[in-house]
Each structure stands twice: as C-alpha cells, then as structure tokens.
Amino acid sequence: PATALAGAADGLPADFLWGVATSSYQIEGAVQEDGRTPSIWDTFCRVPGAVVDGDNGDIACDHYHRMPEDVAMIADLGVDAYRFSVAWPRVQPGGRGPANARGLAFYDRLVDQLLDKGVLPWITLYHWDLPQELEDAGGWPERDTAHRFADYSELVMDALGDRVRHWTTLNEPWCSAMLGYDQGHHAPGRKHFPDAMKAVHHLLLGHGLAAQRLRAAAPQPIQLGITLNMGNSYPASDHPADVDAARRADGLGARIYLDPLVHGRYPADVVADLARRGAELPVQDGDLEAIATPLDLLGVNYYSSHVFSGLPEDGEAAPAADGEPFSRLVKQDLPVTAMGWDIIPRGLTDLLTRLGRDYPGLPLYITENGAAFDDTADADGSVQDDDRTAYFADHIRAVAAARTAGADVRGYFAWSLMDNFEWAFGYDKRFGLVRVDYDTQRRTPKQSALWFRDTIRESRTRQS
Ligand code: GBH
C-alpha cells in the first residue's frame, strides 16, 4: 500500500490548513464537574436501547482531566488547527442566565495551551449537547431556543474572543433536526416530521442570531462559519422519478440549509414538498435576513454519498401515504466502512465542485472526514489501520481534484483525533487517528496518524 498512499496531498497548496476534530460530549467525560448540568445526550443515553451496550459519555476519553496531554498529542501530529466544541451546559448551566466561570475556565486553558503549542483553535459552539432544561421547554422546535443559543454564543465570545479567531455556530443541523426530532436515533429521540422542520428553521435562526451577536461582540476580526453534513445525491438513472428522488434528497439534505444561509430564501421546491407532508418552516419577519448574515466560510462534513431512485423495485410496497413521494436508496457495489457507509471519494469531489458552482465566493473547509473500521490493536496499543489510511488518502485526493475543478477548498480536518463516544453506537465504533484503550485511557497513535503527520509535513514543504 505504501505507493498508493504516497502523494495524497499533491496539488494542494503549501498554505492549505490541516487539522483534527472532536466534540465535547464525545470526548470530555466529567459530566457532573464544575457546575455542568445534563444535556439531552446525558438523558438520551439513559433510555433503554437508545445507545449500543447502554454506553454513555460519563467518562468518554476523560479529556476533561487529560487535556494537557491531549493537546501535546495534537501538536505532535503537526496540524495547524484543532476543531473542538464547547459544551453549552458547562458554560451556561441550564441554558440560561450568567456564564459559569468554572466551566469556561476549562476552555480558557484549552485555548491557551493550543496557542502555546502553535495550534489554532477552531471553536464549534454547538455539537449536539443541548442543555436538558431547554429541551424540557420544547427544544429546537421551540423558537425561544434560537434566542437562548445566541445569548450563549455571546458568552463564549466574551470569554475567548480575544484569542480565538475561528468560530463555527452549529455542527450539522441536519443531524440535530432529522436524527433528533424526526428519526429519533439521536437525542432527544423524538419522531415527528413537522417538529423536525420547525427545528430546522430554529437551528438556522439560532445560527443567524448568534452570527450577528458574535460579529458585534468580537474584539478582533473573526472568521465565522457553520458546518453542514452533506453527501452528493445522485439519481439512479435519467428517469424523471429518479431525478426527482435525488432532487428531494438534496433539497432536505443540503439546499434547505444552503439557500437561506447564502441567498436568504428557502428553496421553493422544498417548501412545496414540505407542504404536501403537512409541514412548514415557521418563518417570521426578519428571520431570513438574520440567517443570511454573511459567512466567511462553510464547513463541510463528508462521509459518504447516495444514489436515489423514485421507482419501487418489483414487488415493493406502495409509496407511503403521508404525502412523501416514494424514494429509496440504491445500494452501490462499493466497499463500506464499519458503519456500513459506502466509500465513495468521488462524491466529495462532485459535492465540492457543485458547492463552488452553486454558491460561489464561499471558502470551503472540510471540517470532518474519516471512517470507522474494525481496528485490531497489538499489545502495545498500536494499530495497523491501512483501511483508514487509504480512506484518508483517497478523500484528500478527492479534495485536490475538486480544487483543480475550481472549488475554493482551503482546509481539511480529519475526524477524529482519537476514538470516542460515537453517539448511538457508543464505544463500539472507532473513528480515531489515535487509539484509546477505554480501560486504561492510554492513547496510542495508529498507523493512520503517523501517515497523516507525514502527509502534512510533505504538503507544507512543497512549492506550489
Ligand atoms: C458526524 O456526523 C458527527 O459530526 C460526528 O460527531 C460523528 O462522530 C461523525 O460524524 C461520525 O459519525 O448510512 O450511508 O446513509 C455524521 C453524520 C449523517 C454521516 C448520516 C452518515 C448516513 C450515511 N452522518 N450519514 S448512510
């Protein structure tokens, strides 16, 4: 494999930004420390059957207590930046009122230690750990949650804005809305499509209100963005039913976020699709102006892509009757990760090229890309994860190809720095560059981590 993995970053400029990413609930543990209150994930993990093996984030990677060693590990990888999230229930327990100084102190130290080691902090303000009290008051389907998020965002800016220049409001609002309020696979585990669409609008409104407040409160120029999870949606054929199935998937998966963020309006076809399903986006005067607050960058989390068909397979049941036209995923004959997700690097090239074309002028960063595989660790904790290394290499190549095709992609964050709490899959699925032994909390860089470090080093020294 050595030759196939070499030169993955060829064609990327020497100033391309390299990073690794994590999120608060997935790594921190220490859920009852320093005044933190429960988030919807603390609650959801207690629902029988919600998370594989009944796992939860009580301890996770114990990062809250091991942060200095983890920062040293990040610096050893030679990355430019570290993308992490701030836990709202640490910084503003219960989601309202004044800041909790003890909770903020953790992120204050984290930022200082990163800067001390020459690593840029990239803050995400919300990576799914909504304070439980706000869910009790209605959660994201409730408009007030957007205002609470803007207040919280400003508290964080007030505390860290003198040192942090890169700010992301939300991570993957699609997941918050659809997995949390429609499919129920994620916290808070609700299953009601119209509520999920209210959540979409209030997440975007929360982003917009926060963006305004962050810009106003920032003590120095900042780079402000939002991160969306997207794949490329391909139609199975030229048949109008297949083309329409792909259009609908792309509408609910991507354009329902991108169009208001960039153009200040929801896509008319999506609004019509929602109306047929008895759902609507509860827009009030001024909302779309806030949501369209200019962005400095768009974060893209990419894992896989999908092929859609609007035609039932032979013998398949009739379309659902709730106004949702028939659609199905067409299984591709491709290798998959341990999550069962198709490995399709070309989808990343196609997605980025399309974003560059349809939403020009918006710098793009891959804020997450990575894969779970069934790692086997040696006694010393080392892992020869050629499959993961190949996944990274192929996707970094796909980014370079998108740049060649005209997309303004400026950076790439690997998901994840280390194995961690993989949401509904608990500790069963490992995405880390670094192995975590959950019995001892020992960290061991996998082969992919060493490869990533070397690839970054090479890419920096290249003249391009
Ligand atoms: C991200 O979400 C999260 O930001 C991160 O916290 C998480 O650990 C990481 O990914 C890994 O899961 O079954 O082929 O239809 C990922 C969002 C949305 C990506 C659903 C995969 C389904 C793929 N995911 N998508 S498929």
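1. Start at the ligand. The side chain of W423 has an N or O atom 2.8 Å from an oxygen atom of the ligand. Keep in mind that this is a predicted model. H127 makes a similar approach: an N or O atom of the H127 side chain lies 2.8 Å from a ligand oxygen. For W415, the separation between a polar side-chain atom and an oxygen of the ligand is 3.2 Å. On its own the ligand has 590 Å² of accessible area, and the protein covers 81% of it.

2. Next, the shell. The ligand is surrounded by 17 residues. Q26, E172, H306, E422 and W423 are the closest. W423 therefore deserves a look on two counts: W423 is among the closest residues, and a polar atom of the W423 side chain is within the 3.5 Å limit for a polar contact. By class, the shell holds eight nonpolar, six polar and three charged residues.

3. W415 also marks an unusual spot in the backbone. The peptide bond from W415 to S416 is cis, and its omega is near 10 degrees. S416 sits in the loop between β11 (409-415) and β12 (434-437). When you inspect this loop, view the cis bond together with the 3.2 Å approach of the W415 side chain to the ligand.

4. Now the empty space. Three cavities of 30 Å³ or more turn up in a search of the whole structure. The largest holds about 60 Å³ of space. Its lining consists of I40, W41, Y126, W128, W140, C175, S176, G180, Y181, H186, A187 and P188. Two elements give two or more residues each to this lining: α3 (40-44) and α9 (173-182). The top contributor is α9, with four residues. Nine lining residues are nonpolar and three are polar; none is charged.

5. The wall of that cavity includes a second cis bond. A187 and P188, both in the lining, are joined by a cis peptide bond with omega of about 5 degrees. P188 belongs to the loop between α9 and α10 (193-217).

6. What lines the second largest cavity? The residues are T22, S23, S24, I27, E28, H63, Y82, F84, S85, F106, Y107 and L110. About 50 Å³ of space lies inside. At least two lining residues come from each of α2 (24-27), β2 (81-85) and α6 (101-116). The lining has six nonpolar residues, five polar ones and one charged.

7. D62 is worth checking in the backbone. Phi of D62 is near 55 degrees, a positive value in a residue that is not glycine. D62 lies in the loop between α3 and α4 (63-76). The element α3 has already come up, as a contributor to the lining of the largest cavity.

8. Last, a sheet. Three strands form an open sheet in the order β6-β8-β9, with mixed pairing. Why is one side of β6 (233-235) and of β9 (328-329) left without a neighbour in the sheet? Both strands stand at the edges and each has a single partner strand, so one side of each has no neighbour there. Strand β8 (residues 306-309) pairs with β9 in the antiparallel sense, over two bridges. Within this part of the sheet, F308 stands opposite L329 of β9. The range of β8 begins at residue 306, and H306 is one of the closest residues to the ligand.

Terms used
Residues are numbered from 1 along each chain as its sequence is written. This is a predicted model: local features need pLDDT of at least 70, side-chain atom pairs count only at pLDDT 80 or more; totals for chains, interfaces and linings use all residues. Side-chain values use heavy atoms; hydrogens and water are left out. A residue is near a molecule or strand if one of its heavy atoms lies within 4 Å of it. A polar contact is a pair of N or O atoms within 3.5 Å; within protein, one must be able to donate a hydrogen and the other to accept it, and residues adjacent in sequence count only if both atoms are side-chain atoms. Accessible areas come from the Shrake-Rupley method with a 1.4 Å probe; for residues, only the protein chains shown count as cover. Ala, Val, Leu, Ile, Met, Phe, Trp, Tyr, Cys and Pro count as nonpolar, Asp, Glu, Lys and Arg as charged, and the others, Gly among them, as polar. On a 1 Å grid over the protein atoms alone, a cavity is a set of points where a 1.4 Å probe fits but cannot get out, and a pocket is an open set with protein on both sides within 12 Å along at least five of seven lines; lining residues have an atom within 4 Å of a point. Grid points are joined across faces, edges and corners, and a volume is the space filled by probe spheres set on the points. Two strands pair if DSSP finds at least two bridges between them.
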